[in-house]
Amino acid sequence: MSQGILNQLAPMSPKFYVSNDERIMKNFSETGGVKSIFGEKFFYQRWQPFIYACIIGLLHNHKVPFENRGNDKISPKVFDYQTIISNGYETMVTVILCVVSLSDKGYNILSDPQLINNDISEYANGGFEILNRKLDNNEIEGITYFLSEVKNRDNLN
Amino acid sequence: MRINSIRLLNFLPFKGEQIIDFTDGLNIVNGNIGSGKSNLFNSFYWCLFNKIYVTDEGWEQNPDPFEIINASVLDNIVEGQEIEFGVFIDLETDDVDSGITINYSISRICSITRENQDIKLIKNEFDLYYDDPDEGSTHFSNNEASNIIDIDIFPELLSDYVWFQGESIDKLIDLEKSESFKNIVDTISYIDYYEDIQKVLNLTERKIDRDYRKKLNKNTKDKKRFDEIDLELTKNERIIDNCEPQLDNLQEEIDKYKVKREELKEKLYNKDETEELIKKRDLNQDSYKKILLKLEYLDEEYKRNYIDKWMLKGLSPLIKNSLDKMTEFEDWRTSQIDKEQNLPEDVPGDQYLHKMLNEELCMICNRDAVQGSIEHNHIKSLLNRKEKSKVLSPEVENLNTTITQLKHFPSRILNNISEVDTEIKEYRERDADLTKRKTFLYNEKRKIEKEIKDFEGKLGTSIDNTSINTRRIMEGITKYDSLISKKERDLTYNEAQIRESKSKIERLRKELKDLEVHDSTEIIESQQLDVINDLKLTIEKTIVLEYKKLIKDIEKRSNDYVSEILSHNTSIKAKIKIDPDDNTIEIVDQDGEELNLLNTGHKTIIKMSIINSIISKSSEYKNQPYPFVTDAPTSSLGEKDTISYLKLVSTIFGQSIVMSKDLFGNMDEIKKTIKIGSIYELNPKKVDESKESTLKNTFTLISKV
């Protein structure tokens, strides 16, 4: 019996560096267990800032492959795609559609959940790189940043 | 008494060990709001009396040591580490008679440790060492040390008036209530000495009288009458012994009930205004809460929309592109099927086959095809031939399933994204609208709070929801009326009993005199009793006269202080008038007319002048000057009043320690006119400069200026 890509992705987990989890995912979300740098959290669950970073990577077509970074290891499993599908089905579909759109393999990538996971993780990695740069330059001063960032996306298209 | 130094060890904001040396004259500790002035003030009280003053709450006796230790030190304690914290005070007192100076070292020290993640208190000690030139060094701890402080160094009852927070001055002396002045005079005055003499005289009189009656019993003109009088005297003495101790208790209870009744009457008197203010406040609070709730919902809605929809903005081109790619796949798949199923034109399609099955007739060869027949089954097997591809692989079919799942989404997502800008605009408008409303209500709230505070200031009590329950107030007043009447009746009865017994005793004693036998064995106690009686009368008159004189002196001195502080101010000519009979204080103008329009600053000056005059008077009589320690006493005074006040304080007190935020701007002016002992500054610092200023990350650094 044939299985859709969402079912195949569900048990897999996205990849991200521990540093990005600590500095961005935990800081931006209430389940992170650390005090927010903003004094207030914007996202509720840890997958949300991950997907946000992925969207930023997709918007900038900035895909960064994983490499050996010494002390900065790949995070052990924090959540799987099932969590994202259960809590944000359309968001997850949107991300997959965008990955299809940018993939050299075109629609064929939809036959390879491993490759989709890899692409999603690498776009998120690229998004984290952009967000880290903004944090370094103090461009993210509070939760109002997220709304202004969305407003400013008009310039991207 | 003179304070030489205070050493603070990890106490409240004072991290590590920090020392302040004090000298004679005015010692100034300057610091901004939140720099640790009140905590420094508290360090004196905690060390000597184990209590601290909590702003807006009042005194807290025996505070939790974990609230006293420096927060940063407590936060960073590691397993097995022991940390000490506390306060050390070095002071000295002069014995005026002997001229000897005694040095005291007083310390209250606690210690904590961390064991198995738990933080435990392992030491809480209070010690006092004194260095007497004759007796050498002596050590006392805990209760004994507290007794020495209270009796020999600094009575705790007095401390509230000599060491006080600017904020608490209203509680120390209330111009509206005569009881508060009586309390302070009773606490500080020397009248109690005379009362002690009275007590001694009464005891002596009783003892001599007993001896006198014993002797008279042995040698009297009329034994039978003597026995009768003796019995009667004993009976009346017992009545006095029973009634006298009750007088003070009864008076105390009556005063207490009167104060409570007065408070209730004031509430009733101000009922309408109170009701209106509370209604206004409640309405505002209600609207404010609703707005906050609406803003909270809006915030939640905003975050939810952001995650579900808004953050996808900008992805539309990619989504459109993905739709093209999926269509590309579908086209490719159809072309594959068409290639495989390239059927001849005469082969009927599914629609035609269904028609044949329904009519049970093969329309190609015109043969019957009854249901269940070979012909019917053959026609049926030709159905769905396009779908039954033999060429497409399971992988392609899986992909087809995925694309079938996904291809419905792009149009919906694109539609959602197209609404984002409008939704954000609407959100911003709603947010701005609610925020504007919130600001308006907040300003209104502050205005109402100020109105309430002013009103409470006028009332001298706080207003709350219970204060407008008229029935309850009336019940309370009736209850106190009846309690006061009952206690007053008891008091009158007791006083009458005592008066009657005393007069009987006086008459009986005279009669006893007549029973004396005037021969060679004259009773000496008879003459002694006459002398004691004269003395008692004299002391009684003296107490009344001295009390009146003391009140007059306090009144005069208070007025001198007020005019000295306000000497630069020509517009206010306020005079203090104290009635020695009922202890009421009135502020009058030059013509003796009551002044009602005084501001808080002037009232503070008047109160502090009265307190200072009583303390200076008490210091003179008791021959024991005390250092004056105060936190923020001048916050309600103007610049010139502040300087005049400090000048006055430094004249009255040999040593004074004043903590303030207002003095550095006037330092040149202060130095010109006042003898300055030392100046220290309190500065808040961060433990870790890179982190934010939390309680755990800040401490106060004391530096000498």
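**Exercise 1. Determine which residues of α12(B) and α13(B) meet, and how the two helices are arranged.**

Solution. In this predicted model, the contact joins B:L353, B:M356 and B:L357 of α12(B) to B:H376, B:I379 and B:K380 of α13(B). Sorting these residues by class gives 4 nonpolar, 1 polar and 1 charged for the contact of α12(B) with α13(B). The next step is the geometry: helix α12 covers residues 350-359 of chain B and helix α13 covers residues 374-381 of chain B, and they pack at an angle of about 160° with their axes 9 Å apart. Because of that angle, α12(B) is roughly antiparallel to α13(B), the cut-off for this description being an angle over 145 degrees. Finally, the crossing in which α12(B) passes α13(B) is left-handed.

**Exercise 2. Describe how α2(A) packs against α6(A), and then how α2(A) packs against α3(A).**

Solution. Begin with the pair formed by helix α2 (residues 18-28) of chain A and helix α6 (residues 113-136) of chain A, whose axes come within 11 Å and cross at roughly 60°. That angle makes α2(A) oblique to α6(A), and the crossing of these two helices is left-handed. On the side of α2(A) the residues involved are A:N20, A:R23 and A:I24, and they meet A:F128, A:L131, A:N132 and A:L135 in α6(A). By class, this contact of α2(A) with α6(A) holds 4 nonpolar, 2 polar and 1 charged residues.

Turn now to the second pair, α2(A) and α3(A), which pack at an angle of about 115° with their axes 7 Å apart. Here the crossing is right-handed, and the contact is made by A:I24, A:M25 and A:F28 of α2(A) together with A:P49, A:F50 and A:A53 of α3(A). The class count for α2(A) with α3(A) is 6 nonpolar residues, with no polar and no charged ones. Residue A:I24 of α2(A) takes part in the contact with α6(A) and also in the contact with α3(A).

**Exercise 3. Set out the makeup of each chain, and characterise the side of chain A that touches chain B.**

Solution. Chain A has 7 helices and 0 strands, whereas chain B has 20 helices and 18 strands. Of the 157 residues of chain A, 38% count as buried, and of the 705 residues of chain B, 25% do. For contacts in chain A with a separation of 6 or more, 72% are accounted for by residues 24 or more positions apart; in chain B, 72% of the contacts between residues at least 6 apart in sequence join residues at least 24 apart.

Between the chains, 33 residues of chain A are in contact with 32 residues of chain B. The elements of chain A that give two or more residues to its side are α1 (5-9), α3 (47-59), α5 (89-102) and α7 (144-151), and the largest share, 9 residues, comes from α5(A). The residues on this side of chain A divide into 19 nonpolar, 11 polar and 3 charged.

**Exercise 4. Identify the largest nonpolar core and the residues with the most contacts inside it.**

Solution. The largest nonpolar core has 77 residues, and those with the most contacts inside it are B:F11, B:F44 and B:V562. Following B:F44 outwards, and leaving aside its neighbours within four places in sequence, one finds contacts with B:I6, B:W163 and B:V629. Apart from the largest core lies another core of 55 residues, among them A:M92, A:C98, A:I120 and A:A124.

**Exercise 5. Find the setting of B:N10, B:N50 and B:E522, and decide for each whether it is buried, partly exposed or exposed.**

Solution. Most residues other than glycine have a negative phi. Against that background, B:N10 has a positive phi of about 45°, and its place is in strand β1 (residues 2-11) of chain B. Because B:N10 has 24 C-beta neighbours inside 10 Å, it counts as buried, the threshold being 20 or more.

B:N50 also has a positive phi, of about 55°, although it is not a glycine, and it lies in the loop between α1 (37-49) and β4 (51-54) of chain B. With 15 C-beta neighbours inside 10 Å, B:N50 counts as partly exposed.

B:E522 is placed in the loop between α16 (470-515) and α17 (524-565) of chain B. Since 12 other C-beta atoms lie within 10 Å, B:E522 is exposed. Its C-alpha atom is separated by 9.6 Å from that of B:K215, a residue 307 residues apart from B:E522 along the chain.

How values were computed
Residues are numbered from 1 along each chain as its sequence is written. Chains are lettered from A and ligands numbered from 1 in the order in which they are written. This is a predicted model: local features need pLDDT of at least 70, side-chain atom pairs count only at pLDDT 80 or more; totals for chains, interfaces and linings use all residues. Axes are lines fitted to C-alpha atoms, for helices over the stretch in contact, and angles run from 0 to 180 degrees between N-to-C directions. Helices (H or I, at least four residues) and strands (E, at least two) are DSSP runs, numbered from the N terminus. Angles under 35 degrees count as roughly parallel, over 145 as roughly antiparallel, 65 to 115 as roughly perpendicular and the rest as oblique. A crossing is left-handed if the near helix is turned anticlockwise from the far one by less than a right angle, and right-handed if clockwise. Two residues are in contact if their C-beta atoms, placed from the backbone, lie within 7 Å. Ala, Val, Leu, Ile, Met, Phe, Trp, Tyr, Cys and Pro count as nonpolar, Asp, Glu, Lys and Arg as charged, and the others, Gly among them, as polar. A nonpolar core is a set of buried Ala, Val, Leu, Ile, Met, Phe, Trp, Tyr and Cys residues joined through C-beta atoms within 7 Å.
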